[in-house]
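Visitor: Please take me through one part of this model in detail. I would like to look at a sheet and at what packs against it.

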Amino acid sequence: MSAPSLSPSPAASPSPSPSLRLTVRDSATMLRRNLLHARRYPSLTLNVLLTPVVLLLLFVYVLGDTLSAGLAGHPDRGQYLAYVVPGILMLTVGGASLGTAVSVCTDMTEGIIARFRTMAISRGAVLFGHVAGGVLQVMISVVLVTGVALAIGFRPDATPVEWLAALGLAVLVSLALTWLAVGIGLSSPTPEGASNVGLPLLMLPFLGSAFVPVDSMPGWFRWFAEYQPFTPFIETLRGLLLGSAIGKDGWLALGWGVALVVLGQLWSTALFTRDPSR
Amino acid sequence: MTTTATAPTRDLAIAATGLRKAYGEKTVLDGIDLAVPAGTVFSLLGPNGAGKTTAVQILSTLIGADGGDVRVAGYDLATQAHAVRAAIGVTGQFSAVDNLITGEENMLLMADLHHLGRREGRRITAELLAAFDLVEAAGKPASTYSGGMRRRLDIAMTLVGGPRVIFLDEPTTGLDPRSRHGMWRIIRDLVADGVTVFLTTQYLDEADELADRIAVLDGGRLVAQGTAEELKRLVPGGHVRLRFTDPAAYGSAAAALREASRDDASLTLRIPSDGGQRQLRAVLDWLDTAGVEADELTVHTPDLDDVFFALTASPTSPASPSAPAAPAAGADSKETVR
C-alpha cells in the first residue's frame, strides 16, 4: 500500500475557488449518493407516497358524496373527485418535501458530512444534491398520484400547453417547498424535530382550498386561507387542469413560489455554511 | 503578513503561531504554537477535554480559529481554505463513512468527489480496499462493519485523493490490540511514503511508538514539546519497587531503607533510582545487610505515562514538572489509564 502510487488528483492542484462546472459535477455526485440512499432504503419514500393516495381515496369514497352535496347542492362523487385532485397533488408535494426535511436532518447527523466539509468540493454541492434528489422524488410522487387519480376517474380537460404549465407549476412548488424543507432539516436537532417543525408542509393544504372552497370558511380565517401559499398553488393548478378561473391566484402562486425558493435557499445555505463551533 | 513561502516554511507541513479558540467564556486553545516538518509524525497528547479535537478541527478547516496564524501544506488557513482542503485528508474521532452504502460505494464516492475518472476511481478503490483488507466486505453496507473495519475504511477513504497531510484524531480509540497494531503499520507506511501525519491520541505508548515529535496539551496550552526521549528526561520517575508478603520483613526493610517511600497497605517500598546497575546493587546490598528478602523486585524506568501525569496532573500545570510526588501518582494509577 502506498500513497504515491495513487496519482495525485486534479483537486490536489489548488484553484482559488471551485468553478461552476465543479459545482455541477459535485452536486451530481451528491445527487447520486442521495438516490442510492432512497433506492436502498425505500421505506421513507413509500410512506411519503402512501399518505396522499390514502387521503385521495378517503376523501373521494368516504367523504365525497357528503362534501359534494355541500358544494353543489346534490351528491356527486365524480365532481368532487375533480375538485379534490389538484388539492391532493399539492398535498403530495408538501408531504414529499417533509420527507426531505427528515432525510436532510438524518444525513446531517452522519459523520460523513464533516468529511465533506474538509474536502475541496463545492460548498453548496451537499445541499444541491439534496434539493435535486428531493424534487425528483416529489415529481415521481406527483406523477404516481396523478396516475391513481386518472385510474379512479379523474378527467382533466387541459390542453398540452396547460399540462406543461401545470408541470412547471409543480416543479416550482416542489423546488420552493424542498428548499424550505432542507432549511428545516438543517435547523432541527433531531429527525423527529424536523418532522414536527415541517408538519405545516403537510397540514397547510387542509387550511386552504384543497378540500373545500375558502368561501365556506369563517371570515376571520378566510383571509389567511385565501393568501397562504397553498391556496394560490391549488387554485392555479385547478384552473390549468379543469378550466376554472385562475385570476389573481396565478400571480400569487408565481410570487410565493419564487419567494420561497429564494428564501429557502438563502436560509439553508446560511445554516449549512455557518461555522459549527459558533 | 507575507505569503511568499520561504525555505523554512516550505519544509513545514503545519505551522501555527498563537492559535486561539474559545467557546463562549471557555478558552479551549490558549495560544498554541506548532511546527510540524513535512514527512514526519507529530503527536498531540493530552487528557480528555484538553482541546486536541478542537485543534484538529481548526487545522482541517472544519471550524474557524479566534486568532493566530496557521499555514497547512504551505497555504494560509484563513484565506486559502480551499487549497488547504485539497492537500489534506482527515479521519476524525467519529466515523466519517456513509453507513447506508457499501464500503466500495463509499470509496467510489470519494473518487468522484476528487474528480477522478471512472477507470482511475475504480483502480484506486480496488487498490485501497485490498491494502486495507476490505475486499471481502466491500459489497456490504458500512453499517454492518466492525469498529476496526469501519476505521480502516475511514482511513482508506481519506487516502483516495493522495493527501500530503493527514489528520488522525484518536485513530485507535476503541480498537482491539490487533487492529491497533494494524493501524500503526498503516501510519508507518504512510510516513515512509512522505506523508505528514498529525496524530492525536490519549495512548502514551502510541505516541512513543509512532511520533517523531510529541506535544502535550493541557488546559489549552502546550505544556511540553519534544521527542519521546526528551520528554522522558523531563521527569525523574525511575524507582525500584520492593514487594513483601511478610509484614515483619516489610517492617525491617522499611527501617533499613530510610529513603524509601512506604506503602503499608500493599507492603511495598519504592526507592528512587535511575535503574542503573550500580544503584541496583546498592539496594541489594542494603537488603542483604538488613537480612531481609523481598518477594518481588521490579525496576521502573520513566515512560511517557510519568511525563503525562507529571505535566497534566494539577490544574495549573507548570512547564517544568516539580517533583517526585507526581511520578509516583502516575505509576499507581497507570493501570486504570491503559
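**The sheet of chain B**

Guide: Start with one facing pair: Ile88(B) sits opposite Val165(B), a residue of strand 7 of chain B. Keep in mind that this is a predicted model. Strand 6 of chain B and strand 7 (residues 165-169) of chain B run parallel. They are joined by 4 bridges.

Helix 6 of chain B, residues 147-159, packs on the sheet here. Helix 6 touches strand 6 and strand 7 of chain B. Its direction makes about 170° with that of strand 6 of chain B.

Now widen the view. The sheet in chain B is open and has 6 strands. Their order is 6-7-8-3-9-10. The pairing is mixed. Two strands form the edges: strand 6 (88-91) and strand 10 (221-226) of chain B. Each of these pairs on one side only. On average, neighbouring strands of the sheet are turned by 15° against each other, direction ignored.

Next, find helix 2 of chain B, residues 52-59. Helix 2 lies across four elements of chain B: strand 3 (41-45), strand 7, strand 8 (196-201) and strand 9 (213-218). Against strand 8 of chain B, helix 2 runs at about 150°. Strand 7 of chain B is thus named twice: helix 2 lies across it, and helix 6 touches it.

Note on methods: Residues numbered from 1 in each chain as written. Chains lettered and ligands numbered in written order. Predicted model: local features only at pLDDT ≥ 70, side-chain atom pairs only at ≥ 80, totals over all residues. Heavy atoms only, no water. Pairing = 2+ DSSP bridges. Axes fitted to C-alpha atoms, helices over the stretch in contact; angles between N-to-C directions. Contact = heavy atoms within 4.5 Å.
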